Amino acid sequence: MAVMETIATTSLLGRHPLRGRISVRDFSCKQKSSNYQFPVTEFIGRRIVLSHPLPRLKGDRLVNSSVKARAIELTKEVHAYREEERTQRNWNYGIDTGKDRKPKLWPPENRADRPSLHNPLFRQERMGCGWFAAIFEWEGVIIKDNPELEKQAWLALAEEEGKSPPPAFTLRRIEGMKNKQAISEILCWSRDPAEVKRMAARKEDMYQALQGGVYRFCAGSIEFVDVLMQYKIPMALVSTRPRETLESAIRKIGIEGCFSAIVAAEDVYRGKPDPEMFLYAAQLLKFISERCIVFGNSNQTVEAAHDARMKCVAVANKHRVYELGAADLVVRRLDELSVVDLKNLADMESAEFGSGEPKLEMETEEEEDSPSTSTAVDDSIF
């Protein structure tokens, strides 16, 4: 076998055809004689070009070195192409130019896990509070809400529309929902979009008339917001109220410069317990969901926040503390919290959320049963 390979190599390098006879022994141990001919080859760069195909032996296959060389070249080209694609997709995080490095890309990068912490600016941001965001509900967290006024507005609307008054458990179920969602899905008063829109607007007018435009802060809420502003923590405000009503109330109580983003009823299709509001707020703040903390006062808020893979702090001003046990943290008033508490909460990776990093799995390929292609060649030539 070694003599055979030596003669074949000499013939290829010398660029002369080699003719003769060899004795080939197949698997049945019968000795056969066969003519063979190695093709004329030409070396062009690193490629080997054949002048004509290699004849096959009867019942056997000879592995041609030129075919191997060509296969290696093709494999190298494929790997080079994939490496070039991978290089083009890599983003350069070495220098912070202040511009959006990933335009129109969601979700954004995780600001808490930047690998380039040797940069003093990145290290200062990581040690500071710029790597997590806070999302506040409007009613029940920032200002006091009155569930009785909400119930009276629904009962007045039912009487005006000639509908049967909704029971108490239904009114509790629609708390925190959008008016359109409650009318069409829970109360089932109408399926016509125009009619649903009219009744939702009418219910909102009734609530605002009962509320009288009087807003009172929840205990400790404005102090806590001032502390977050001092530490430059990005904040967003979400509510199922119309944007015009919400912005008017914010200007009236004088906190219009506190929130970087505002999500109102017109911005989302569904309200709680759907996480759409919180996901959209995180998108406006350009933060991943795992680095956002939601502040609410109901189990519907806790459910929506956890569905969005966010942490949730529940304020027990309407429910008892033990009723909000599903939240990550429960307080009676917001000023009980400190910035250190928020940093620890945002940095915590609970088993429910997981690490957030994809797991690498080994792919095993099943070997197909195929007949052996090895050829037995007799060492004795001529």
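The following paragraphs describe strand β8, its neighbouring strands and one residue of helix α11. The model is predicted, with local features requiring pLDDT of at least 70 and side-chain atom pairs counted only at pLDDT 80 or more, while totals for chains, interfaces and linings use all residues. Residues are numbered from 1 along each chain as its sequence is written, and side-chain values use heavy atoms, with hydrogens and water left out.

Helices (H or I, at least four residues) and strands (E, at least two) are DSSP runs numbered from the N terminus. Strand β8 spans residues 292–296, and because five of its five residues are buried, the strand is largely enclosed by the rest of the structure. Here buried denotes under 20% relative accessible area, with a 1.4 Å probe and protein chains only. The burial extends to both faces: C292, V294 and G296 lie on one side, I293 and F295 on the other.

Two strands pair if DSSP finds at least two bridges between them. Strand β5 (residues 133–137) pairs with β8 in the parallel sense over four bridges, and F136 stands opposite F295. Strand β9 (residues 311–315) and β8 likewise pair in the parallel sense over four bridges; in this pairing G296 stands opposite A314.

Helix α11 (residues 299–307) joins β8 and β9 in a right-handed β-α-β unit, meaning that, with the strands pointing away from the viewer, the path from the first strand over the helix to the second runs clockwise. T301 is found in this helix and counts as buried because its relative accessibility is 0%. Not counting residues up to four places away in sequence, T301 touches E137, K272, F278, V294, G296 and C312, where contact means heavy atoms within 4.5 Å.

Methods
Buried means under 20% relative accessible area, exposed over 50%, partly exposed in between (1.4 Å probe, protein chains only).
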